[in-house]
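Reader: I keep meeting labels such as "buried" and "salt bridge" when I look at protein models. Could you show me how each label is earned?

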Amino acid sequence: IESDDESTNYVESSDEDILEISKRWVNAVISDAGICPFSVNADRAGLPPGNVRYQVTRAPDAETAYLAYWNEVVALMSATDAEIATTLLVLAHPRWIRNLEEFETLGSTLGQALDTQGLGLDADLQLVFFHPGFVFRDGRDRAGEDRAANFARRSPYPMINILRTEQVRAAQKGLPTALVYQQNELTLAGIGADLLESMLKDRDWKPLDGKKVDRKQIEVLRLAQDLMKNAAAADTDK
């Protein structure tokens, strides 16, 4: 699946601009809209909450992207949960933006490498991938009536989210994944696919300003908030 839309294929010349756009998206969609129940804001997330690390790579090929990825794996594994809870590696190159299938192939290779190279890092790390053209393959009409749900994983640039397995398992144990998906579907449908698509194309999420969800009023987000508080307290007691 290759995109010819020049507006979404465009890559800013400044890494600082790319980081700013990426963080605005995380704040508006992932955190404020509650798409990730364990995201506090662009800079804090996790169970327990810790810092979010961002890194931009302009890797033009798989080999260079692979090297940038492993650098981030080492950085995360060398840090405490508080120092780096999770990492977002932003692939700011038209090659990865234009071609979703090629990015998915890269992602599959990176995921397999955690286990198949004998490192056993799958016990420590897990990966989630975001892309401007992401489409869920779950049998629903994700190209039509139900397409708003895709925007849970549609980011301004391709991104590799490196997560700590221990935190992922704790989140899944305390909060059923199906419940998160159901709430995200409702939230994104409420915003509307056309608006979500327009904001992503413009890389501007100002229409969502002042529309932060009330986590106390949504069950899945309230449960996540309680889990984060408990995890933070337990981490302090260590």
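**From values to labels**

Author: Gladly! Let's start with Trp 70, which is buried, with a relative accessible area of 15%. Keep in mind that this is a predicted model.

Reader: Why is Trp 70 called buried?

Author: The label needs a relative accessible area under 20%. Trp 70 has 15%, so Trp 70 is buried. Tyr 69, with 0% relative accessibility, counts as buried too.

Reader: What makes Tyr 69 and Trp 70 an aromatic pair, and which kind of pair is it?

Author: Two values settle that. Ring centres must lie within 6.5 Å, and planes over 60 degrees apart count as edge-to-face. The centres of Tyr 69 and Trp 70 are 5.3 Å apart and the planes are at 65 degrees, so this is an edge-to-face pair. Ring pairs also link Tyr 66 with Tyr 69 and Trp 70 in a cluster.

Reader: How do you know that Phe 136 and Tyr 181 are a pair, and what is the angle of their planes?

Author: The centres of Phe 136 and Tyr 181 are 6.4 Å apart, which is within 6.5 Å, and the planes are at 65 degrees, so this pair is edge-to-face. It links distant parts of the chain: Phe 136 is in the loop between E5 and E6, while Tyr 181 is in helix H7, 45 residues apart.

Reader: What makes the contact between Arg 203 and Glu 12 a salt bridge?

Author: A side-chain nitrogen of Lys or Arg has to be within 4 Å of a carboxyl oxygen of Asp or Glu. For Arg 203 and Glu 12 the N to O distance is 3.2 Å, so the label fits. Arg 203 is in the loop between H8 and H9 and Glu 12 in the loop between H1 and H2, so this salt bridge ties together parts that are 191 residues apart in sequence.

Reader: Are these partners, Arg 203 and Glu 12, buried or exposed?

Author: Arg 203 has a relative accessible area of 5%, so it is buried. Glu 12 is buried as well, at 11%.

Reader: Why is Arg 137 called exposed?

Author: Exposed means over 50%, and Arg 137 has 63% relative accessibility, so it earns that word. Arg 137 forms a salt bridge with Glu 104, with the closest N and O atoms 3.2 Å apart. Glu 104 is partly exposed, with a relative accessible area of 27%.

Reader: How do you know that Arg 154 has no salt bridge?

Author: The nearest side chain of opposite charge, Glu 197, is 5.3 Å away, and the cut-off is 4 Å, so no salt bridge is counted for Arg 154. Arg 154 is buried all the same. The residues it touches include Trp 25, His 131, Phe 134 and Leu 200.

Reader: What makes the span of helix H3 close to the expected value?

Author: H3 has 16 residues and reaches 22 Å from its first C-alpha to its last, close to the 22 Å expected at 1.5 Å a residue. At the start of H3, a side-chain oxygen of Asp 61 comes to within 3.3 Å of the backbone nitrogen of Glu 63.

Reader: One last label: why does Gly 50 count as buried?

Author: Its relative accessibility is 0%, which is under 20%, so Gly 50 counts as buried. Gly 50 sits in strand E3. Its C-alpha is 4.2 Å from that of Ala 82, although Gly 50 and Ala 82 are 32 residues apart in sequence.

Technical notes: Residues are numbered from 1 along each chain as its sequence is written. This is a predicted model: local features need pLDDT of at least 70, side-chain atom pairs count only at pLDDT 80 or more; totals for chains, interfaces and linings use all residues. Side-chain values use heavy atoms; hydrogens and water are left out. Buried means under 20% relative accessible area, exposed over 50%, partly exposed in between (1.4 Å probe, protein chains only). Lys and Arg count as positive and Asp and Glu as negative; His and the chain ends are not counted. Contact means heavy atoms within 4.5 Å. Helices (H or I, at least four residues) and strands (E, at least two) are DSSP runs, numbered from the N terminus. The expected span of a helix is 1.5 Å times one less than its number of residues. A polar contact is a pair of N or O atoms within 3.5 Å; within protein, one must be able to donate a hydrogen and the other to accept it, and residues adjacent in sequence count only if both atoms are side-chain atoms. Rings of Phe, Tyr and Trp (its six-membered ring) pair if their centres lie within 6.5 Å; planes under 30 degrees apart count as stacked, over 60 as edge-to-face and the rest as tilted. Lists of a residue's contacts leave out its neighbours within four places in sequence.
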